Amino acid sequence: MSQAFSAAEIEAFRQQTEGTQHVVHLNNAGAALPPDRVRDRVLKYLREEALYGAYELSARHAPDLQQTYQHTARFLNAEREEIALVENATIAWNLAFSSLPLQKGDVVLTTKTEYGSNFINYLKAKEEKGIEIELIPTDAEGSVDLAALEAQLRPAVRLLAITHIPTNSGLVQPAEAIGDIAERHGLWYLLDSCQSIGQLPMDVKKLKCSILTATGRKYLRGPRGTGFLYVQKKRLDQLSPPYLDQHSANWLDTDAYEIHPGAQRFENWESNKALRLGLSESIAYAMEVGMDRSWQRIQLLAQYTRTQLAEVPGIQVLDLGKQKCGIVSFRYQDHDPVRVQQYLLERGINTSVSDRPFTLIDMDQRGMRSVNRASVHYYNTEAEIDRLAEALTGLRKERS
Ligand SMILES: Cc1ncc(COP(=O)(O)O)c(C=O)c1O
């Protein structure tokens, strides 16, 4: 196991993140606090755009803008042409899913903790294309049951579509083991890594996913409005994007065009350059911090959070899975989750609420309408978690 961060290192991360001086930020699964240098890079670029002209500035910064692709590819152990930069994880996911060659009768296997927006699109594809959706059974801890998944396989199964870390329940799906199965059976493997990117080390060669979708603003600590799509090189030609422009394709002749050979086929010409540079900076920062050590810190702090919250009378921690992550979900007996969130906010503690439609199947199976969510990052401290537990204890006293 890699060496844990020292107190001095954690303090340094906090000094490099102005927001940590203002709030107890436990909403990293919503959007993490960016390092100051990410914010500064975006602001500087925006200011210069206004001074020198947007097109002229982007031409001058062409090598830096290219570096965003290189950083993203290196971060994932991918190749540059396998990366498309887009606005968020939803766009990345929809571009990929709608391009898949799925036909009537094809079966999509997915999880019970699938993200709401993804599932809505499975339903749409079922309605429009006649695909079938099947849920993969879970083991005793609520993760994908790998043996049951193998047993579901048959020629009609074309796609494994997996949310790596669900938005609501603290678990990490065994993405690499699922990748082994996908590869062995030649299946498409679409991995929603929106909550896992920046949280745990991600290597597409080990994950063996055909497609991976991600956002910048969550555990990567990048700006809002950034995201990316990875498509395995050997699969690119099999994906026909839902729409094209002069960046994703070349107009060759009056009646001829060609689609870009790389993942650029999923991009538009126009994009927010300042945000892309911010994303690049956040990935560079994450690589400097080191993913192995930050993941280790996140798991320890999340475990500490679960223990502290479980000691508050009336609180029930609801996380699933043998392998847990930085997302801690809980309910406070007799307290409306939105009121709990608001009470914490008024005391300078940011958390969030995860509602039924975000992960409807899991929520219904567990009889829940909504849960509170405290999501920790490596820059949070035990003292902040103690403040959370104290505030929640105070809420109980206030009520009684
Ligand atoms: C698991 C999961 N997938 C996808 C998304 C959508 O990401 P974005 O808002 O960047 O489009 C979220 C957002 O919270 C998520 O939690």
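**View 1. Residue classes in the shell around the ligand.** Three nonpolar, seven polar and one charged residues make up the shell around the ligand in this predicted model. Listed along the chain, the residues around the ligand are N88, A89, T90, Y115, T163, T167, D192, C194, Q195, T215 and G227. The charged residue in this shell is D192. The nonpolar members are A89, Y115 and C194.

**View 2. Strand β7 and its burial.** Strand β7 covers residues 211–215, and five of its five residues are buried. In a regular strand, side chains point alternately to one face of the sheet and to the other. On one side of β7 lie I211, T213 and T215, and on the other L212 and A214; both faces are covered. T215, one of the buried residues of β7, also belongs to the set of residues around the ligand.

**View 3. Strands paired with β7.** β7 runs parallel to strand β6 (residues 188–192), to which it is joined by three bridges. Within this pairing, L191 stands opposite L212. Strand β8 (residues 227–231) runs antiparallel to β7, and five bridges join these two strands. Here I211 has V231 as its bridge partner. D192 of β6 and G227 of β8 are also among the residues around the ligand.

**View 4. The two domains and their contact.** Domain 1 consists of residues 7–31 + 290–399, and domain 2 of residues 38–288. Their centres, taken over C-alpha atoms, are 27 Å apart. Domain 1 gives 30 residues to the contact and domain 2 gives 25 residues. On the domain 1 side, at least two residues each come from α12 (291–310), β12 (327–332), α14 (360–365) and β15 (370–375). By class, this side of domain 1 has 15 nonpolar, nine polar and six charged residues.

**View 5. The surroundings of S352 in strand β14.** S352 is part of strand β14, which covers residues 352–355. Is S352 buried or exposed? S352 is buried, because 22 other C-beta atoms lie within 10 Å, and 20 or more are needed for a residue to count as buried. Beyond its neighbours within four places in sequence, S352 is in contact with N27, G30, Q341 and R373. Of these, N27 is 325 residues away along the chain, yet its C-alpha atom is separated from that of S352 by 6.2 Å. Both S352 and N27 fall within the bounds of domain 1, S352 in the segment 290–399 and N27 in the segment 7–31.

Note on methods
Residues are numbered from 1 along each chain as its sequence is written. This is a predicted model: local features need pLDDT of at least 70, side-chain atom pairs count only at pLDDT 80 or more; totals for chains, interfaces and linings use all residues. A residue is near a molecule or strand if its C-beta atom, placed from the backbone, lies within 6 Å of it. Domain bounds come from an automatic or database domain assignment. Two residues are in contact if their C-beta atoms, placed from the backbone, lie within 7 Å. Helices (H or I, at least four residues) and strands (E, at least two) are DSSP runs, numbered from the N terminus. A residue is buried if 20 or more other C-beta atoms lie within 10 Å of its own, exposed if 12 or fewer, and partly exposed in between; C-beta atoms are placed from the backbone. Two strands pair if DSSP finds at least two bridges between them.
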